[in-house]
Every structure is written in C-alpha cells, then in structure tokens.
There are 2 protein chains.
Amino acid sequence: MNPISIAVVGVGKIARDQHLPSIYNNSGYRLVAAASRHGSVDGVENFTDIEDMLTAMPEIEAVSLCMPPRVRFDAAYKALDAGKHVFLEKPPGATLSEVAILEALAIEKNVTLFTSWHSRFGPAVEPARAFLADKTISRVDIIWNEDVRRWHPNQDWIWEAGGLGVFDPGINALSIMTHILPMPVFVTRSTLEIPENRDAPIAAQIDFQSASGIPVTADMDWRRQSSDDRWDIIVETDAGTMILGNGGARLSVDGVMRADEQETEYPTLYARFHDLVRAGRSEVDVAPLRHIADIFMLGSRKTVEAFYD
Amino acid sequence: MNPISIAVVGVGKIARDQHLPSIYNNSGYRLVAAASRHGSVDGVENFTDIEDMLTAMPEIEAVSLCMPPRVRFDAAYKALDAGKHVFLEKPPGATLSEVAILEALAIEKNVTLFTSWHSRFGPAVEPARAFLADKTISRVDIIWNEDVRRWHPNQDWIWEAGGLGVFDPGINALSIMTHILPMPVFVTRSTLEIPENRDAPIAAQIDFQSASGIPVTADMDWRRQSSDDRWDIIVETDAGTMILGNGGARLSVDGVMRADEQETEYPTLYARFHDLVRAGRSEVDVAPLRHIADIFMLGSRKTVEAFYD
C-alpha cells in the first residue's frame, strides 16, 4: 500500500522534536507539506496558511496539527471539511464543545479523527493496564510534581486563562489514569492554587472517586526543584502496590521492577494513527480534558504567592 | 397500558411546586413512593433513604431525582443499577464525568435515562426552533439578568465552589440556545465576576462562536432589580430579528408577536419521560453543562464587591 501523504501544521519545538522524526522514521507516511506562520520544513512544500496548503495540494491525505490548542480548532475544522484525516496533539481542543463539533464533522465526512494522548503510549502503560485489569483496587494516588522553571520556562500563554497552568503536564497523568484504571472516576473536590499575578493554577489537589467509592487523589505541583521531579501513579491492589513511575516508563509491583524502558511515545502514536486511517476508524476520547473541565467547574480557588519566571 | 409506577427522591420546593403536580396530573404515572431526608409525601410509602426504598418496593419502575446535583450521582447510580428508569433534574450532575458514567450504566442495564432541561419545554421554544431552522443567522445575544435576592434568597450552597452561581439560572439559557440554534457553538472567551466573599460567579460575560464564525454573546447578571429581570435570546436573521423572551414563553419577529403562552414546562417534561420509557429509549444531552464547564476552564476571573443576602 502507498504511504499516507501527510502535512504538518505548526512547526514549533514539539513538531521538530517529536512529530517530524516520528513521521520520517515511519515508512507508512510521506511528508509532503508544512504550514506554519513562523517555521518551515526542508525538502517539502511550505505554506504560511493551512487553507492555501489544502487548496494548492489536493493530494494531501492527512494533516497533523501541532500548534497550541487555542488556535487549533479552525485548522482542524478546515482540514476535516476538506476531507482530510486529522491527528490532534493533546489536549484535543481549548474546549470540550469544539471537540464535539470536530467529532461530528469527521463522521459526516467519513474521515479519521485521532485525539492523541502521547503519555498513554509510554512503554510501561500497557503493562500497568494489563496488571490492573483483574485486580481489586483500594486506592489510587497520583503525584505529578515538577519544576516549572525547568520544563516550561517563559511560556507566558500557559499562565493565561485557558492555558491550563499545572494541568498542561497534569492532563498527561489523567490521560494515563483514564486508560489504566478498570473503572471510571469523577471529581468530588478540588483546590486550585493560583499565583496572585497569574490566571492559571501553579498547583492543584484533586479528589476523585469511582461509583463504588474507591478514592483517587491527585497532587499536581509545579513549585518543585528539578531534583524532586516526580510523575508517579501509585495503585493499592489486592496483589500489592503497583507504581507506574517516570511518567509511564517504569512499572513495579511491591518494589519488583516489571518494566523500565526507553520511551517511544510519538513513534507509537503515529503507528496508531496509521492503523486508524487504514481501518477507516476514528479515536476520539475527551475523558482527560473532561476531568480538567470538571475540576475547573467544581474547584475552589486559593490565591498564592506571585510567580515570576 | 398500565401507568408507570414512579418514586420521587428529594422532596423539597421544586418537587412540591413542579414534579409532584405534574405526576399527579398525568394518568401515565402512579406515584408509589418518596424518599427524602427531610420531606415526605402524603398517601404513598415514605423512606429516608433511596436504597431502603428500592429494596422494599421492587414494583417501582421509575425514579425522579429532585435533589441538588452535588448529591444526585449516588442516588442515580443506585436506581439505574437496580434497573429503574431515571429522570434527572437539571443540571444532570455536578460533573460531566459522572453523567458519562450514568449514561454507560443506563445502556448496560437497558433502562431509560432522561437528562431533563425544563426550559427547553417553554411554549415558545419549539416555534423559535422551527423559525430558525431555515434562516441565515448573523448574530445571537443572550441576556439573562435577574435579581438574585428575589429568585435565590439565602441559598448558600449556590455560592459555593461547584454551586455554579449565576449559571444556576444561566444554564437554562444555554439549554434553550443549544436546542434552537441550527448550528453548534463553542466558547472563545469569558469573564467570571466573583464576589470577594464567595466562590461562585454573580455575573458572567461570554463569547461563543460557530464553526463559521457567527458570534453568540451571553450577558448573565444577578445584580438587577426585579423590575429589570430579563430572560431573552435575540437572534438576527435574514428574515428579521427574532426575540425569544420571558425565558422561552414569548416569541416575536421584528416586533410581531408569534407566541405568548402560559408555561407548562414540567407537565411536558413528564410527558416526554413517559414517551421515552415506553419507547425504550434514553435522552442524554450534556451540551448545556459542557458549555458551563468550558466557560469555567477558559474563563478569566475578576473579583468584585462582596455579596450579602
């Protein structure tokens, strides 16, 4: 079968670091174009505007959207409306309502829409899911602590209303949680800590529960030293304590290591998108973003010390 | 066909004012029980706990849940799990995630789940929807202003985190908007005005847009005198200016009145629930609550003057 002719929109750091190498290294794709206001890609057609690109190159079959969520809807709508398969970086939109509009359009146009959640493709995530599938779970604790100055230096947009703040990485934890737990949960209480000079939270404590009352807590905090970075999900089960650590790369049960591998998230994401396109199917999952929206709707707010980069 | 044996859970003001009369006046129902921590209903079996009621009276076919959303999930889950049809007051949950759990359970149990939005059953709402169906819309303005001291006196819970504040009535406007507009919209910007001594907004300004860029604004404000109460949706179309006024009771186009009737929202809601149960179908629509969650996730916050009842 011929490779899928794909174009990338939004040529920034994440596109260069992850998307482009994953596409180049997958023989199922042929990169044919890029559209970006600032960046460009060597060796393919470059455009500054997605509409111009879609008009000029009808041979494009799929489009991968790598720009920030606040400006992604318009491009996604145009690409789907033109009959292209669409790969969305996480989160799939700035709002849940716009993702619902895209989902309906993809069905109408009979094309693939893929809401990608890269953290679900960490090497220890599937082993964790398989381990939990037949266990009795008594509690879950998510600890997602990092040094914002190291991981998000001078990203002013992330601190604006809608920028999600600590949930920009925190949504990765929720994308793993919703994938590995055998039961759904919902937020019952949350506290958002918002620096007095910013609009988005620097930290959050969240209580979830399952329908049967199993507690799930999440502690997300950006005010750590790099040496204290932790991205762990700890699950107490009838077969021991499972720790999915290092953001989904490492799995241990009662201290015995079961998986500790190099992460290959984006190559696996592009393999998945390829399978979906060839199978004529979509994968639209808003559960992680829905939890974030629920947290903002339900959460109480606490003003904390100003944050300066 | 025999009437549906129904029980009411949560016997407070809304149950007495609306639910119970609508059930009594509909020959398709027989009220057989009530469960409530504080209230009771004459002439039927009364319980303080829904689980006791479901165990004691297996003949109950349907349950109507009239308590506040923060405590509704548990009752809804138990009722569905026991194979009962469930009628949910608006909003259908405190979070979107819990409604998704209930929806999945209703499918699994093959029973009817009805997320009721009473304002959609205002007498001029269907005429408005029919008018707009084939018109070209250029803009929409929602004005939902009321005197909180008159309509929500001393309701402390409404001012708490998750109590929704001005969106408690405002969600009615969004339930009508999502029903009458022929195209979906999504939030692009919002400002929430939160009194310095409260956790929920007293006012909000919201900008929505459709995929093609049609603007929809909403001005929700609780700081009005009763004489200035307004619940209007104004739609500019190629066939004139449509005003759906008085919360969905009155319809005019270019000043010519087309409908102005007594509201019969709850009787119509119960007729709809009856039809759904008999047809073996559910109606689960989270669009109005999804907009509220999007508004909280995307909105910027402004602290305003303290509010005292």
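In this predicted model, the two copies meet through the same surface, because 100% of the interface residues of chain B are also interface residues in chain A. Here is a quick tour of how the chains pair up, followed by one helix contact inside chain B.

**How the copies are related**
- Two copies of a chain are related by a rotation about an axis and a shift along it.
- Here, a turn of 180 degrees with a shift of 0.0 Å along the axis lays chain B on chain A, at an RMSD of 0.0 Å.
- This is therefore the relation of a two-fold axis.

**What the interface looks like**
- On the chain B side, 31 residues are in contact with 31 residues of chain A.
- Together the two chains bury about 2800 Å², and 68% of that area lies on carbon and sulfur atoms.
- Of the area that chain B buries against chain A, 23% comes from B:Phe186, B:Met297 and B:Leu298, more than from any other three residues.
- If you are looking for salt bridges between chain B and chain A, the count is zero.

**A helix pair within chain B**
- Helix H5 (residues 125-132) and helix H7 (residues 167-180) of chain B have axes that come within 9 Å and cross at roughly 40 degrees.
- That angle falls between the 35 degrees below which helices count as roughly parallel and the 65 degrees where roughly perpendicular begins, so H5(B) and H7(B) are oblique to each other.
- H5(B) makes the contact with B:Val125, B:Glu126, B:Ala128, B:Arg129 and B:Leu132, while H7(B) brings B:Ile176, B:His179 and B:Ile180.
- By type, the residues of this contact between H5(B) and H7(B) are five nonpolar, one polar and two charged.

Notes. Residues are numbered from 1 along each chain as its sequence is written. Chains are lettered from A and ligands numbered from 1 in the order in which they are written. This is a predicted model: local features need pLDDT of at least 70, side-chain atom pairs count only at pLDDT 80 or more; totals for chains, interfaces and linings use all residues. Side-chain values use heavy atoms; hydrogens and water are left out. Axes are lines fitted to C-alpha atoms, for helices over the stretch in contact, and angles run from 0 to 180 degrees between N-to-C directions. Helices (H or I, at least four residues) and strands (E, at least two) are DSSP runs, numbered from the N terminus. Angles under 35 degrees count as roughly parallel, over 145 as roughly antiparallel, 65 to 115 as roughly perpendicular and the rest as oblique. Contact means heavy atoms within 4.5 Å. Ala, Val, Leu, Ile, Met, Phe, Trp, Tyr, Cys and Pro count as nonpolar, Asp, Glu, Lys and Arg as charged, and the others, Gly among them, as polar. Copies are superposed by least squares on the C-alpha atoms of residues with pLDDT of at least 70 in both. Buried area is the accessible area (1.4 Å probe) that two parts lose on being put together, summed over both. A salt bridge is a side-chain nitrogen of Lys or Arg within 4 Å of a carboxyl oxygen of Asp or Glu.
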